[in-house]
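Opening the notebook on this one. I want to look at how a pair of helices pack, then walk along one more helix.

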Amino acid sequence: MTASIINHDLTAADAKAMQQMRTVFEGQPKMALTPETRPVFDGIMSQAPQPDGVAFEQGEVGGVPGWWATPENPVPGSAILYLHGGGYVLGSAAAYRNFVGHLAKRAGAAAFIPDYALAPERPFPAAPDDVRAALDGLIALDVTRIAVAGDSAGGGLALSAVQNTAPAAGRIVGVVALSPWIDMTLSGETMTTRAEADPLLSRESLEGAAVAYLGQTSRAYARLPGLGADLSTMPPVRIHTGDAEVLLSDSLSFAARAGDAGVDHEVHVWDGMTHVFPSSFATLDAGAEALGHIGAFLADKLSPPAAGKRVLVLGATGGTGKAIVRRLSELGHQPVAMVRSPEKARDLEAVTVEGDARDPAALDRAMAGVDAVVSSIGTPASPIREVTVLSTATKALVDAMKRQGVRRLVAITGMGAGNSRGHGGSVFDRIIMPLMLRKVYADKDRQEAVIRDSGLDWVIVRPSVLNDKPGHGAARALLDLSKFHGGTIARSDVADFVVDQIDSDTFLGQAPLLTW
């Protein structure tokens, strides 16, 4: 994983251009972030030249209005969600569409710019609620690869949305933030040390915007951008910020936190540049170069896999296993089902291999040419007899994967395994678990221990109580269970999440609990 701050020198041409800009702003008050300045701000942002080969269309995603910017031949199944800046008070999708259109063109993917709620008319939490609705809307449109990007307040909103939007876990492949406003307390060192160098923003203007946006809400509230959040499950992040702006500390502090959490990240610091300088790509060398970096990153993350993978599924004839096989087929993968009874697999769209999951020879046959393995092995409730099939089959599977050189394992256990015990709700924890499932879950614990000690690239998935209802198209993937006490989830939503983990590293080496 990358963990770096990358510094970029100021070119002679940019030094001249920035001096000219400073001459224009000299003696002028810094722009107030108030509703009265919205036309001025939109006028500035709309000066970006219109890109060739990009179509613009007003639309609505998840009930949130906005604009689509779609390049020619966009990558299917991919989209950028771009959150405009403006201190939560200014900005519009229409004003940003040309700038975002250039990003979309370089990324080769359609971009949606939502007109999310602005303060003071619609204060917090209306903006993050709109972002969550837009993400859910993209998922409902069957977008399987989502990049979230934004600038200034929109950059902070993008980072916090990814931290707080578990339904899109596994589908968000990257985050881009330009000069993000992350620290709502405005306590960064550069609020003081860059105050004179920054011709655009000040502590006072940001404080006024924060008051309009938050009112009496605590600035430490979990859904707000912040530097104390758990970053461990974040997808790759790329930040571009100027050296001459008061919000520089926000990006540098994020880099330190992301490095500690093992997040794939790069923070690009551009000498002499001011707030959201990439929007001036037409006049600044640094802006054009930064836009090129961003476009290449987005293009890489939003590109589909070169070819479908061959995936072995154990437990393929169960309800969840069948849903996993269907989802694999829908996404162009080749499922291989290892089954004890071919009769039960007649309706599966999969290559079938007959055999027992505890038989090394059968596992070796099934593993031929496989890129990844999904284990959906189950066993009936057993209140009396000891249960060992889950752990013994998993041990045999791990050994076979090592013999065959297969690294990726996604294994389903269940709510109540490991540290999720005691979080199933009163009926599950006090009645169902001790009376019916105690011995099954003792073996699930042994199963998880085998996986954790395997040395493979693994994800353990713990669904809450399963049902056969229509899926929501999304699930919450929880690592912090302190506030969770029981839930349910559709098998189809579990299947969607499990299949996403074949290519995603978001939950690698972790055991998320899935619920609605």
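My entries below cover a helix crossing first and a single helix after that.

Entry 1, the model. I am working from a predicted model.

Entry 2, H3 against H9. I looked up the axes of H3 (residues 93-107) and H9 (residues 285-302): they come within 7 Å and cross at roughly 50°. That angle is neither under 35 degrees nor in the 65 to 115 range, so I noted H3 as oblique to H9. The crossing of H3 past H9 is right-handed.

Entry 3, who touches whom. From H3, the contact uses Phe 99, His 102, Leu 103, Arg 106 and Ala 107. H9 answers with Leu 291, Gly 292, Ile 294, Gly 295, Leu 298, Ala 299 and Leu 302. Sorted by class, I get eight nonpolar, three polar and one charged residues in this contact.

Entry 4, length of H12. This helix has 16 residues (389-404), which at 1.5 Å a residue should span 22 Å; its end C-alpha atoms sit 22 Å apart, so the two agree. Right after H12 comes Gly 405, with a positive phi near 75°.

Entry 5, what is buried in H12. My list of buried residues reads Leu 390, Ser 391, Ala 393, Thr 394, Ala 396, Leu 397, Val 398, Ala 400 and Met 401. Their cover includes strands E10 (310-314), E13 (372-375) and E14 (408-412), plus helices H11 (360-366) and H13 (426-452).

Entry 6, Asp 399. Where does Asp 399 lie? I found Asp 399 in helix H12, partly exposed at a relative accessible area of 27%. I also checked Asp 399 against Asp 243: they are 156 residues apart along the chain, and their C-alpha atoms are separated by 52 Å.

Conventions: Residues are numbered from 1 along each chain as its sequence is written. This is a predicted model: local features need pLDDT of at least 70, side-chain atom pairs count only at pLDDT 80 or more; totals for chains, interfaces and linings use all residues. Side-chain values use heavy atoms; hydrogens and water are left out. Axes are lines fitted to C-alpha atoms, for helices over the stretch in contact, and angles run from 0 to 180 degrees between N-to-C directions. Angles under 35 degrees count as roughly parallel, over 145 as roughly antiparallel, 65 to 115 as roughly perpendicular and the rest as oblique. A crossing is left-handed if the near helix is turned anticlockwise from the far one by less than a right angle, and right-handed if clockwise. Contact means heavy atoms within 4.5 Å. Ala, Val, Leu, Ile, Met, Phe, Trp, Tyr, Cys and Pro count as nonpolar, Asp, Glu, Lys and Arg as charged, and the others, Gly among them, as polar. The expected span of a helix is 1.5 Å times one less than its number of residues. Buried means under 20% relative accessible area, exposed over 50%, partly exposed in between (1.4 Å probe, protein chains only).
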